[in-house]
Amino acid sequence: ITAGGYWLSETPLIAGSISWGSARARNCSWVRLLDKKTNREIRLINLHLDHVSNEAKLGQIKVVLEEAAQYQDDFPQILTGDFNNGYGAGLYPEIINAGWKDSYVLSNGDAKPEGTTNAFRPDDAERNAKAKKIDFIFIKGPLSASKSVIIKDRWKNIVPSDHWFLSADINYI
């Protein structure tokens, strides 16, 4: 139905703007779609947070959470991306406290997930043991997640990205 985007900075409407010591300009894209099956709108948000500065990550996620909070509580929203941050203190509690639910936790409980990064070296066991889950699919509003997995597909033993893909079955409740 409509789409847009903004920069993850203190001046989100200024293209290429950077704040909080971010290593580079980061942005957020969103789209509102009409689900033809249910005749309901749903909003998808995708981002890639800073990879260096914790202050930048926190500032950037606050911009996203404030923008998403403009929608009423019963409006279905899905937030995806590379958060460059695991479950620890900082971003994750900020997101959960803003009313978002982690599709992976909803589907798999509190079991420690495998890391979602592979640095293009998926067979490096030592590196994989240290990898964190930094990619997420969060949901808000009348949605639930019945399944969520980390996809580790390869083609001719080549990985398509330095991150593994995530998948979640999201349902209206």
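In the predicted model examined here, L49 is in contact with L8, R26, K57, Q60, I61, D82, F83, N84 and L91, when its neighbours within four places in sequence are left aside. This residue is found in the loop between β3 and α1, and L49 is nevertheless buried, because its relative accessible area is 0%, where the cut-off for burial is under 20%. One of the contacts of L49, that with D82, joins positions that are 33 residues apart in sequence, whereas the C-alpha atoms of L49 and D82 are 6.4 Å apart in space.

F83, which is also among the contacts of L49, touches L47, L49, K57, I61, L91, I95, I134, F136 and F138, residues up to four places away in sequence not being counted. L47, I61, V64 and F83 are the residues with the most contacts inside the largest nonpolar core, which has 22 residues in total. The elements that contribute two or more residues to this core are the strands β2 (27-35), β3 (40-48) and β6 (135-140), together with the helices α1 (54-68) and α2 (91-97). Of these, α1 gives the most, with six residues. A second core, separate from the largest one, consists of six residues, among them I42, I137, L143 and A145. In soluble globular proteins, nonpolar side chains tend to be buried together.

The helix α1 comprises 15 residues, which at 1.5 Å a residue should span 21 Å; the end C-alpha atoms of α1 are 21 Å apart, so the value in the model agrees with the expected one. At the start of α1, a side-chain oxygen of S53 reaches to within 3.3 Å of the backbone nitrogen of E55. Buried positions in α1 are A56, K57, G59, Q60, I61, V63, V64, L65, E67 and A68, and the elements covering the buried residues of this helix include the strands β1, β2, β3 and β4 (77-82) as well as the helix α2. K57, Q60 and I61, which are buried in α1, are also in contact with L49, and both K57 and I61 are touched by F83.

A further buried position outside the helices and strands is that of S9, which is placed in the loop between β1 (2-7) and β2. S9 counts as buried because its relative accessible area is 1%, against a cut-off of under 20%. Leaving aside neighbours within four places in sequence, S9 is in contact with S17, I18, S19, W20 and V63; of these residues, V63 is a buried residue of α1. The side chains of S9 and S17 are joined by a polar contact of 2.6 Å.

At the level of the whole protein chain, four helices and eight strands are present, and from the N terminus on these elements run in the order β-β-β-α-β-α-β-α-α-β-β-β. With 173 residues, a compact globule would have a radius of gyration near 16 Å, and the chain has 16 Å, so the two values agree. Along its principal axes, the C-alpha trace spans about 45 × 40 × 30 Å. Of the 173 residues, 42% count as buried. Among contacts between residues at least 6 apart in sequence, 66% join residues at least 24 apart. The protein chain exposes about 9400 Å², of which 52% is supplied by carbon and sulfur atoms.

Terms used: Residues numbered from 1 in each chain as written. Predicted model: local features only at pLDDT ≥ 70, side-chain atom pairs only at ≥ 80, totals over all residues. Heavy atoms only, no water. Core = buried A, V, L, I, M, F, W, Y, C linked by side-chain atoms within 4.5 Å. Buried < 20%, exposed > 50% of the residue type's maximum accessible area, 1.4 Å probe, protein only. Contact = heavy atoms within 4.5 Å. Polar contact = N/O pair within 3.5 Å; in protein donor to acceptor, adjacent residues only side chain to side chain. Rg over C-alpha atoms; globule rule 2.2 N^0.38 Å. Areas by Shrake-Rupley, 256 points an atom, 1.4 Å probe, with all protein chains shown as cover. Expected span 1.5 Å × (residues − 1).
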